[in-house]
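Student: Could we go through this structure together, one question at a time, with the reasoning spelled out before each answer?

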Amino acid sequence: MWVRTAAVATVIAALVAAGVVIGRATSAEPPVAAPLTLLHADNDTDDGPPAPGTREATGTNGDATLHVAVSPANGWLGIEVEAATVPVGTRCRLFAYDHAGKGYEAGGWVQSEHPDFPIYGAVILDPADLASVSLVDDSGAKVVSARIPPP
């Protein structure tokens, strides 16, 4: 009896193995995803003209200054900090504010003696809703703000 059970088990194993081999040989190749294409706001004026709709602004508060360029993209805004003068060691957080005063964090950096500008950030905000861009420190205080002109 056990010989017959062993023979049946061997036949079943051989059929399963053959099915796996045949299945792999006849299956379609897995689909290959197309390369990811990112639509971006080219507000980097160092490599040519900025994207249409780019707006620049400068703000000052005492010795602190902030110069930014904001560019519309596909449903969001790119923010380029072109220059910022704040004390060395300041933990800078970049915020975009809408006309209602709601803030959207766009990025950050720690100010060094020789900052590596430009620094880039982004927010999901309609270009017409953008009122200002501010540099905020760790305590939440606005160090300096730049009012953005209307589009």
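**Salt bridges, sheets and core**

Tutor: Let us begin with the charged pairs of this predicted model, in which the count of salt bridges comes to two.

Student: Which residue forms a salt bridge with R91, and where in the chain does that partner lie?

Tutor: Side chains of opposite charge can pair when their charged atoms come close. The N to O distance in this salt bridge is 2.7 Å, and the pair links distant parts of the chain, 47 residues apart, with R91 placed in strand β4. The partner lies in the loop between β7 and β8, and that residue is D138.

Student: Is D138 buried or partly exposed?

Tutor: A residue counts as buried under 20% relative accessible area and as exposed over 50%, with partly exposed in between. D138 has a relative accessibility of 49%, so this residue is classed as partly exposed.

Student: Which residue meets R93 in a salt bridge?

Tutor: R93 belongs to strand β4, and the residue that pairs with it lies 12 residues away in strand β5. R93 is partly exposed at 27% relative accessible area, and its partner is also partly exposed, at 41%. The side chains meet at 3.0 Å, N to O, and the partner is E105.

Student: Turning to the overall fold, how many strands does the chain have?

Tutor: From the N terminus on, the elements run α-β-β-β-β-β-β-β-β. The secondary structure thus comes to one helix, and the number of strands is eight.

Student: Which strands stand at the edges of the open sheet that contains β4 and β7?

Tutor: Four strands form this open sheet with antiparallel pairing, in the order β5-β4-β7-β8. A strand with a single partner has one side left without a neighbour in the sheet, and this is so for the two edge strands, β5 and β8.

Student: By what angle are neighbouring strands of this sheet turned against each other on average?

Tutor: The order to keep in mind is β5-β4-β7-β8. Taken between neighbouring strands, with direction ignored, the average is 20°.

Student: Which residue of β7 is the bridge partner of L94?

Tutor: β4 and β7 pair in the antiparallel sense over six bridges. The partner of L94 in β7 is also listed among the residues with the most contacts inside the largest nonpolar core, and that partner is L135.

Student: What is the strand order of the open sheet that contains β1?

Tutor: The edge strands here are β1, residues 55–61, and β6, each of which pairs on one side only. The twist averages 25° from one strand to the next. With four strands and antiparallel pairing, the order is β1-β2-β3-β6.

Student: Within that sheet, which residue of β2 is the bridge partner of A57?

Tutor: β1 and β2 run antiparallel and are joined by seven bridges. In β2, the bridge partner of A57 is V68.

Student: How many residues make up the largest nonpolar core?

Tutor: β2, β3, β4, β5, β6, β7 and β8 each supply at least two residues of this core. The residues with the most contacts inside the core are L66, I79, V81, W109, L130, V133 and L135. One of them, L66, touches V81, V133 and L135 among other residues more than four places away in sequence. The number of residues in the core is 25.

Student: Which side chain makes a polar contact with that of T58?

Tutor: T58 is placed in strand β1 and is exposed, with a relative accessible area of 51%. Not counting residues up to four places away in sequence, T58 touches L66, H67 and A146. The polar contact spans 2.4 Å, and the side chain that makes it with T58 is that of H67.

Student: Is T90 buried or exposed?

Tutor: T90 is found in the loop between β3 and β4. Leaving aside neighbours within four places in sequence, T90 is in contact with W109, V110, Q111 and D137. The relative accessible area of T90 is 15%, and the residue is therefore buried.

Student: What is the configuration of the peptide bond from F117 to P118?

Tutor: Most peptide bonds are trans. P118 is found in the loop between β5 and β6. For the bond from F117 to P118, omega is near 5°, and the configuration is cis.

Definitions and conventions: Residues numbered from 1 in each chain as written. Predicted model: local features only at pLDDT ≥ 70, side-chain atom pairs only at ≥ 80, totals over all residues. Heavy atoms only, no water. Core = buried A, V, L, I, M, F, W, Y, C linked by side-chain atoms within 4.5 Å. Buried < 20%, exposed > 50% of the residue type's maximum accessible area, 1.4 Å probe, protein only. Contact = heavy atoms within 4.5 Å. Pairing = 2+ DSSP bridges. Axes fitted to C-alpha atoms, helices over the stretch in contact; angles between N-to-C directions. Salt bridge = Lys/Arg side-chain N within 4 Å of Asp/Glu carboxyl O. Polar contact = N/O pair within 3.5 Å; in protein donor to acceptor, adjacent residues only side chain to side chain.
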